[in-house]
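Me: Before I plan anything around this protein, I would like to go through its model with you, one question at a time.

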Amino acid sequence: MVLAIALSVAATSTPRTQAAIVPVVALTPLALAAAPTRATAPTVDNSPVAEPPGYWTGPINSAVPAAITGGKVIHDVHALQALLKRPETVIVDVSNAPVRPENLATGAPWLPLPHQAIPGSVWIPGVGLGEIPPAAGDFFRRQLAVATGNDPTRPIVIYCHQTCWLSWNAAKRAISYGYLNVYWFRDGIEGWKAAHLPTAVIEPRVVPAR
């Protein structure tokens with residue numbers, strides 16, 4: 001690429017017009033290469049991690065495994081849709097329930113946002129942590145029994161969010177309860193929404209207070 005600059009100057013001392021041409025100045029590719037380049041944003045590494053030997057007790061929102069021992073992973077939303085068309089399939093959302101902000105004044109009204117889920121989901125928050133109280137474990141076991149009609153062969157799909165361990169832990173618990181067809185939807189509700197599929201507002205099933 002060559003950039004040329006020329007100037008013509010008219011003489012005023014005589015009637016004759018004279019032109020003075022300034023020699024061409026060229027910027028060679030070598031000179032252009034010295035110009036600064038735009039910095040690129042760092043990439044986030046979401047590569048799968050190895051399965052832990054037990055339940056995950058580290059940061060909930062972090063890279064997750066690509067597999068779950070004893071269960072199956074759904075990597076494609078279309079495969080999930082096909083599974084949900086089977087009437088015997090149970091789908092469980094284990095996302096955490098919203099928590100009232102600590103800095104909210106006592107007595108001030110608080111209305112959490114509606115919880116958007118895959119239609120037909122049973123929402124059971126609090127059962128996907130690495131360590132849960134015995135009462136929560138018993139409640140989860142009972143809810144799965146009711147949803148499946150005590151049939152351990154029925155497909156159970158468990159999900160929460162992308163790069164979130166809650167659904168992996170909960171699916172691992174369901175496997176430990178003896179369910180034989182546990183599916184983990186690794187992409188979570190974000191993967192469902194990214195495919196422009198409909199959602200439904202649902203209410204949580206929580207452990208009864210004692």
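What follows is a set of questions and answers on the fold, two helices, a salt bridge and a pocket.

Me: What kind of model is this, and how are its residues numbered?
Reply: This is a predicted model, in which local features need pLDDT of at least 70 and side-chain atom pairs count only at pLDDT 80 or more, while totals for chains, interfaces and linings use all residues. Side-chain values use heavy atoms, with hydrogens and water left out, and residues are numbered from 1 along each chain as its sequence is written.

Me: How many helices and strands does the chain have?
Reply: Helices (H or I, at least four residues) and strands (E, at least two) are DSSP runs, numbered from the N terminus. Read from that end, the elements run α-β-α-β-β-β-α-β-α-β-α-β. The count for the chain is five helices and seven strands.

Me: What share of the 210 residues in the chain is buried?
Reply: Buried means under 20% relative accessible area, exposed means over 50%, and partly exposed lies in between (1.4 Å probe, protein chains only). Of the 210 residues in the chain, the buried share is 32%.

Me: Which elements do the buried residues of α3 pack against?
Reply: Helix α3 covers residues 134-148, and its 15 residues reach 21 Å from first C-alpha to last, close to the 21 Å expected at 1.5 Å a residue, where the expected span is 1.5 Å times one less than the number of residues. Its buried residues are Ala136, Gly137, Phe139, Phe140, Gln143, Leu144, Ala145 and Thr148. Taking contact to mean heavy atoms within 4.5 Å, these buried residues pack against β2 (90-93), β5 (156-159) and α4 (166-176).

Me: Is glycine 137 buried or exposed, and which residues is glycine 137 in contact with, leaving aside its neighbours within four places in sequence?
Reply: Glycine 137 is found in helix α3 and, because its relative accessible area is 14%, it counts as buried. Its C-alpha atom is separated by 8.6 Å from that of arginine 173, 36 residues apart along the chain. Leaving aside neighbours within four places in sequence, glycine 137 is in contact with Ile132 and Tyr177.

Me: Which residues does alanine 147 contact, leaving aside its neighbours within four places in sequence?
Reply: Alanine 147 also has its place in helix α3, but at 25% relative accessibility it counts as partly exposed. Leaving aside neighbours within four places in sequence, the contacts of alanine 147 are Val90 and Arg154.

Me: How many of the eleven residues of α4 are buried?
Reply: Helix α4 is mostly covered, and its buried residues, among them Trp168, Asn169 and Lys172, pack against α3, β5 and β6 (182-185). Of its eleven residues, the number buried is ten.

Me: Which side chains meet in a salt bridge?
Reply: A salt bridge is a side-chain nitrogen of Lys or Arg within 4 Å of a carboxyl oxygen of Asp or Glu, and a search of the whole structure finds one. Its partners are both partly exposed, at 36% relative accessible area for the arginine and 27% for the glutamate. The side chains that meet, at 3.0 Å from N to O, are those of arginine 86 and glutamate 88.

Me: Where does glycine 149 lie, and what phi does glycine 149 take?
Reply: Glycine 149 comes just after α3, and its phi is positive. The value is about 65 degrees.
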